Amino acid sequence: MSKHPCLSCGACCAFFRVSLHWLETSAESYGVPLALTERVSPHQNSMLGTGHANPSCISLKGIVGESVSCTIYENRPGSCRSFSASYEDGTVNSRCAVARLSKGLGPLQPSDWPAANGT
Ligand code: SF4
Ligand code: SF4
């Protein structure tokens, strides 16, 4: 594999509710587009499409498990920024594995990372 494994996954964007503090929609913060969120409490929003039984973030483009991208990558919420793929930093993220399993994908392995393949 020669590309980042998340680019052929996207499972976490179609599994969890993606919450953010409403301040994250401000230009001084991450600038998450307000129109792509919905209010869930006085101070909390969530990405549209993620607060339902079969979640899928409105900003997820592509086919989960094949080829995906985030259409607001530069302005994605903090929870997305802090969600690391397993072995990205050398550790296992069990939530990554759970999301992948829900889409019929096996857990990431160290060998899934480009650096492990010399690419
Ligand atoms: S904002 Fe982007 S990274 Fe975050 S859940 Fe949605 S598609 Fe995924
Ligand atoms: S579930 Fe894991 S591998 Fe898949 S996109 Fe999310 S962080 Fe990346």
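How many bridges join strand β2 to β3, and in which sense do the two strands run? The legends below take this up first, and they describe a predicted model.

**Figure 1. Strands β2 and β3 run antiparallel.**
Four bridges join the two strands. Strand β2 covers residues 37-41. Strand β3 covers residues 44-47. Together β2 and β3 form a hairpin, with two residues between them. Look for the bridge partners across the hairpin. Ser41 stands opposite Gln44 in β3. Thr37 has Met47 in β3 as its bridge partner.

**Figure 2. Strand β3 also pairs with strand β1.**
Strand β1 covers residues 19-21. Three bridges link β1 to β3, and the sense is antiparallel. Find Ser19 here: its opposite residue in β3 is Ser46. So β3 has two partners in this model: β1, over three bridges, and β2, over four, with strands taken as paired when there are at least two bridges between them.

**Figure 3. A close-up of Ser46 in strand β3.**
Is Ser46 buried or exposed? Ser46 counts as buried because its relative accessibility is 0%, and buried means under 20%. Now look at what surrounds Ser46. Neighbours within four places in sequence are left aside here. Ser46 is then in contact with Arg17, Val18, Ser19 and Leu20, among others. Its contacts also include Leu36, Thr37, Glu38 and Val40. Of these, Ser19 is the residue that stands opposite Ser46.

**Figure 4. Two residues in the loop between β1 and β2: Leu23 and Ala35.**
Start with Leu23. Its relative accessibility is 44%, so Leu23 counts as partly exposed. Ala11 lies twelve residues from Leu23 along the chain, and their C-alpha atoms are separated by 26 Å. Move on to Ala35. Ala35 counts as exposed because its relative accessibility is 65%, and exposed means over 50%. Ala35 and Met47 are also twelve residues apart along the chain. Here the C-alpha atoms are separated by 9.2 Å. Met47 is the bridge partner of Thr37.

**Figure 5. Strands β4 and β5 form a hairpin.**
Strand β4 covers residues 60-63, and strand β5 covers residues 67-70. The two strands pair in the antiparallel sense, over four bridges. Three residues lie between them. Gly65 is in the turn, with a positive phi of about 85°. One bridge pair is easy to name: Leu60 has Cys70 in β5 as its partner.

**Figure 6. The surroundings of ligand 1.**
Which residues surround ligand 1? They are Cys13, Val18, Cys57, Ser59, Leu60, Cys70, Ile72, Pro77 and Cys80. Eight residues of this shell are nonpolar, one is polar and none is charged. Leu60 and Cys70, both in the shell, are the bridge partners of the β4 and β5 hairpin. Ligand 1 sits in the largest pocket.

**Figure 7. The surroundings of ligand 2.**
Four cysteines appear in this shell: Cys6, Cys9, Cys12 and Cys96. Gly10, Phe83, Ala85, Arg100 and Leu108 are there too. By class, the shell has seven nonpolar residues, one polar and one charged. Arg100 falls in helix α2, which spans residues 94-102. The space taken by ligand 2 is the largest pocket. That is also the pocket in which ligand 1 sits.

**Figure 8. Tyr87, in the loop between α1 and α2.**
Helix α1 spans residues 78-81, and α2 spans 94-102. Tyr87 is not a glycine, yet its phi is positive, at about 70°. How accessible is Tyr87? It is partly exposed, because its relative accessible area is 26%.

**Figure 9. Gln109, in the segment after α2.**
Gln109 has a relative accessible area of 38%, so it is partly exposed. Compare its place with that of Arg81. The two are 28 residues apart in sequence. In space they are 21 Å apart, C-alpha to C-alpha.

Notes. Residues are numbered from 1 along each chain as its sequence is written. Chains are lettered from A and ligands numbered from 1 in the order in which they are written. This is a predicted model: local features need pLDDT of at least 70, side-chain atom pairs count only at pLDDT 80 or more; totals for chains, interfaces and linings use all residues. Side-chain values use heavy atoms; hydrogens and water are left out. A residue is near a molecule or strand if one of its heavy atoms lies within 4 Å of it. On a 1 Å grid over the protein atoms alone, a cavity is a set of points where a 1.4 Å probe fits but cannot get out, and a pocket is an open set with protein on both sides within 12 Å along at least five of seven lines; lining residues have an atom within 4 Å of a point. A molecule sits in a cavity or pocket if more than half of its atoms lie within 2 Å of its grid points. Ala, Val, Leu, Ile, Met, Phe, Trp, Tyr, Cys and Pro count as nonpolar, Asp, Glu, Lys and Arg as charged, and the others, Gly among them, as polar. Buried means under 20% relative accessible area, exposed over 50%, partly exposed in between (1.4 Å probe, protein chains only). Contact means heavy atoms within 4.5 Å.
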